Amino acid sequence: QVQLVESGGGLAQAGESLRLSCAASGSISSIKTIGWFRQVPGKTRGFVADIDNLGITNYADAVKGRFTISRDNAKNTGYLEMNSLKPEDTAVYYCNVITSVLSNFWGHGTQVTVSS
């Protein structure tokens, strides 16, 4: 089992930056991939970015060049640096972890609100 706690969400104005963190506990030695997803009311949860245990990253087209995902294995924490924020980035952001046995875990989410 892996437990995830997100932090760092909040209110920002367009053009500003926020940094999300995802602290993992439990069977953290088995974490393979850390990812971030986001969801707005009435829509399905969508992929934002992920990073595997080799440091290979993937990004949704909507955030490429603005968001940076990283991980600190010593701190068992994943990060999402969000720059040049836009109002359309407003959503609840969820951390996701996939373990080496392909189990899937989710955090409870953190709200990001970007005003114009």
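In this predicted model, the side chains of Arg66 and Asp89 meet in a salt bridge, with N and O 2.7 Å apart. Arg66 sits in the loop between β6 (57–59) and β7, while Asp89 sits in the loop between β8 and β9, so the pair ties together parts that are 23 residues apart in sequence. Arg66 has a relative accessibility of 10%, and it therefore counts as buried. The cut-off for that label is under 20%. Asp89 is buried as well, because its relative accessible area is 1%.

Asp89 has another partner. Its side chain also meets that of Arg38 in a salt bridge, at 2.9 Å from N to O. Arg38 belongs to strand β4 and Asp89 to the loop between β8 and β9, so this pair ties together parts 51 residues apart in sequence. Arg38 and Asp89 are both buried. Together, Arg38, Arg66 and Asp89 are linked in a network of salt bridges.

The whole structure holds four salt bridges. One of them joins strands β8 and β3: it pairs Glu81 with Arg19, 62 residues apart. The closest N and O atoms of Glu81 and Arg19 are 3.8 Å apart. Glu81 has a relative accessibility of 28%, so it counts as partly exposed. Arg19 is also partly exposed, because its relative accessibility is 45%. Partly exposed covers the range between under 20% (buried) and over 50% (exposed).

Attention now turns to the nonpolar residues. In soluble globular proteins, nonpolar side chains tend to be buried together. Here, the largest nonpolar core has 27 residues. Leu4, Trp36, Val48, Phe67, Leu80, Met82 and Tyr93 touch the most other members of this core. Several strands supply two or more residues each. Among them are β1 (2–7), β3 (18–26), β4 (31–39) and β5 (46–52). Further along the chain come β7 (67–72), β8 (77–82), β9 (91–99) and β11 (110–115).

Met82 serves as an example from this core. Its neighbours within four places in sequence are left aside here. Met82 is then in contact with Glu16, Ser17, Leu18 and Leu20. Other contacts of Met82 are Arg66, Phe67, Tyr93 and Val112. Phe67 and Tyr93 are, like Met82, among the core residues that touch the most other members. Arg66, by contrast, is the residue whose side chain forms a salt bridge with Asp89. Arg66 thus appears both in the contacts of Met82 and in the network with Arg38 and Asp89.

Conventions. Residues are numbered from 1 along each chain as its sequence is written. This is a predicted model: local features need pLDDT of at least 70, side-chain atom pairs count only at pLDDT 80 or more; totals for chains, interfaces and linings use all residues. Side-chain values use heavy atoms; hydrogens and water are left out. A nonpolar core is a set of buried Ala, Val, Leu, Ile, Met, Phe, Trp, Tyr and Cys residues joined through side-chain atoms within 4.5 Å. Buried means under 20% relative accessible area, exposed over 50%, partly exposed in between (1.4 Å probe, protein chains only). Helices (H or I, at least four residues) and strands (E, at least two) are DSSP runs, numbered from the N terminus. Contact means heavy atoms within 4.5 Å.
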